[in-house]
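Good morning, and thank you for coming. Please take a moment to look at the sequence and the model before I begin.

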Amino acid sequence: MVRSVNVELLTQNIKEMCIQANHYLAPDMDKAMRDAHEKETKPLAKQILGQLLENLEIAGEDMIPICQDTGMAVVFLKIGQDVHFEGGSVEDAVNEGVRQGYQEGYLRKSVVGDPLLRVNTKDNTPAIIHYELVPGDRVEILVAPKGFGSENMSKIHMLKPADGVEGVKEAIVNTVREAGPNACPPVVVGVGIGGTFEKAAILAKKALTREIGTHSELPHIKELEEELLAKINEIGLGPAGLGGDTTALAVNINTYATHIAGLPVAVNICCHVNRHIARTI
């Protein structure tokens, strides 16, 4: 059975999701921040984490953004192949949801229409949209507004297969080390390994939205996530880059098949708010 979905439903949900994601910390991030505050042993770092938590509480109570950079809207749509959209263009509906969300939520408009001419579009559109077709008659929407303080610190490394797992580890740790305080630590590190140049980057972006505290289903990747989190925290960069035990809250890795001659590794860093929200319609 084909299920008809009016694109207005996309617009309404994405509008609400943009507002919610920018004003309220996701539950998994809230828990990760509180756990980090409890475990932090360095007095200054513990104080900074406490201030960040206080800021997040004020944002929720007073309905103000959890960060002044309300990001560029990244939208992942997982569309059931038995869904028939009606009422207009899906892409237009997504962008209309972002436009309404950023205008009605009084969120900062940070998108320029041309990367060189730099003229602000004044409504935070267009969004970055990723589509995936899956079995079923549901649509999963994932909205992840991405600030560019951390986005600018992200990198893609086209390693050689001979670099192996040690080369992968070095690339990831060095990316976080070189980012320093610019990515607003404590950070979440999204990693994509495999695929092609662009596939690795999308894997890394999606990895940021995985629930903090969960791991890859692949035992060797789970082990790598845990090892890298420990290595990154040993850097001692700490909250706001002022030293401490907590440089990263999580390292999430997604993998994909790749070519015999390649080993792409993308590292997408996100600040401590790591905004993401999901709904199914």
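Immediately after helix α3 comes Met63, and its phi is positive, near 55°. Please keep in mind throughout that this is a predicted model.

Let us stay with α3 itself, which covers residues 43-62. How does the span of this helix compare with what its 20 residues should give at 1.5 Å a residue? The expected span is 28 Å, and the end C-alpha atoms are indeed 28 Å apart, so the two values agree.

Which residues of α3 are buried? They are Ala45, Ile48, Leu49, Leu52, Leu53, Leu56 and Ala59. Viewed down the helix axis, these buried residues fall within an arc of 140°, so they line one face of α3. The general reasoning is familiar: an α-helix has 3.6 residues a turn, so residues three or four places apart point the same way. The buried residues of α3 pack against α1 and α2. On the other side of the helix, Pro43, Glu61 and Asp62 are exposed.

I turn now to the strands, and to β5 in particular. Strand β5 spans residues 139-143, and four of its five residues are buried, so the rest of the structure largely encloses this strand. Which strands pair with β5? One of them is β2, residues 74-80, which pairs with β5 in the antiparallel sense over five bridges. Within that pairing, Val75 has Val143 of β5 as its bridge partner. Another is β10, residues 277-280, which runs antiparallel to β5 and is joined to it by four bridges. There, Glu140 stands opposite Thr280 of β10.

My last topic is charge pairing. As a general matter, side chains of opposite charge can pair when their charged atoms come close. How many salt bridges does a search of the whole structure find? The search gives 18, and I shall describe several of them.

Consider Lys15 and Glu104, whose closest N and O atoms are 3.3 Å apart in their salt bridge. Lys15 belongs to helix α1, residues 7-23, and Glu104 to helix α4, residues 90-104, so this pair ties together parts that are 89 residues apart in sequence. Are the two partners buried or exposed? Lys15 has a relative accessibility of 14% and therefore counts as buried, whereas Glu104, at 45%, counts as partly exposed.

The salt bridge between Asp35 and Lys31 has its closest N and O atoms 2.8 Å apart. These residues are four apart in helix α2, residues 27-39, which means that about one helical turn separates them. Asp35 is partly exposed, with a relative accessible area of 26%, while Lys31 is exposed, with a value of 53%.

Lys205 also forms a salt bridge, in this case with Glu151, and the closest N and O atoms are 2.8 Å apart. Here the pair links distant parts of the chain: Lys205 lies in helix α7, residues 197-207, and Glu151 in helix α5, residues 148-151, the two residues being 54 apart. With a relative accessibility of 12%, Lys205 counts as buried. Finally, Glu166, Lys169, Glu227 and Lys231 are joined into one network by salt bridges that share partners.

To close, I would recall two points. The buried residues of α3 line one face of that helix, and strand β5 is largely enclosed by the rest of the structure. Thank you for your attention.

Definitions and conventions:
Residues are numbered from 1 along each chain as its sequence is written. This is a predicted model: local features need pLDDT of at least 70, side-chain atom pairs count only at pLDDT 80 or more; totals for chains, interfaces and linings use all residues. Side-chain values use heavy atoms; hydrogens and water are left out. Buried means under 20% relative accessible area, exposed over 50%, partly exposed in between (1.4 Å probe, protein chains only). Two strands pair if DSSP finds at least two bridges between them. A salt bridge is a side-chain nitrogen of Lys or Arg within 4 Å of a carboxyl oxygen of Asp or Glu. The expected span of a helix is 1.5 Å times one less than its number of residues. The arc is that of the directions from the helix axis to the C-beta atoms. Contact means heavy atoms within 4.5 Å.
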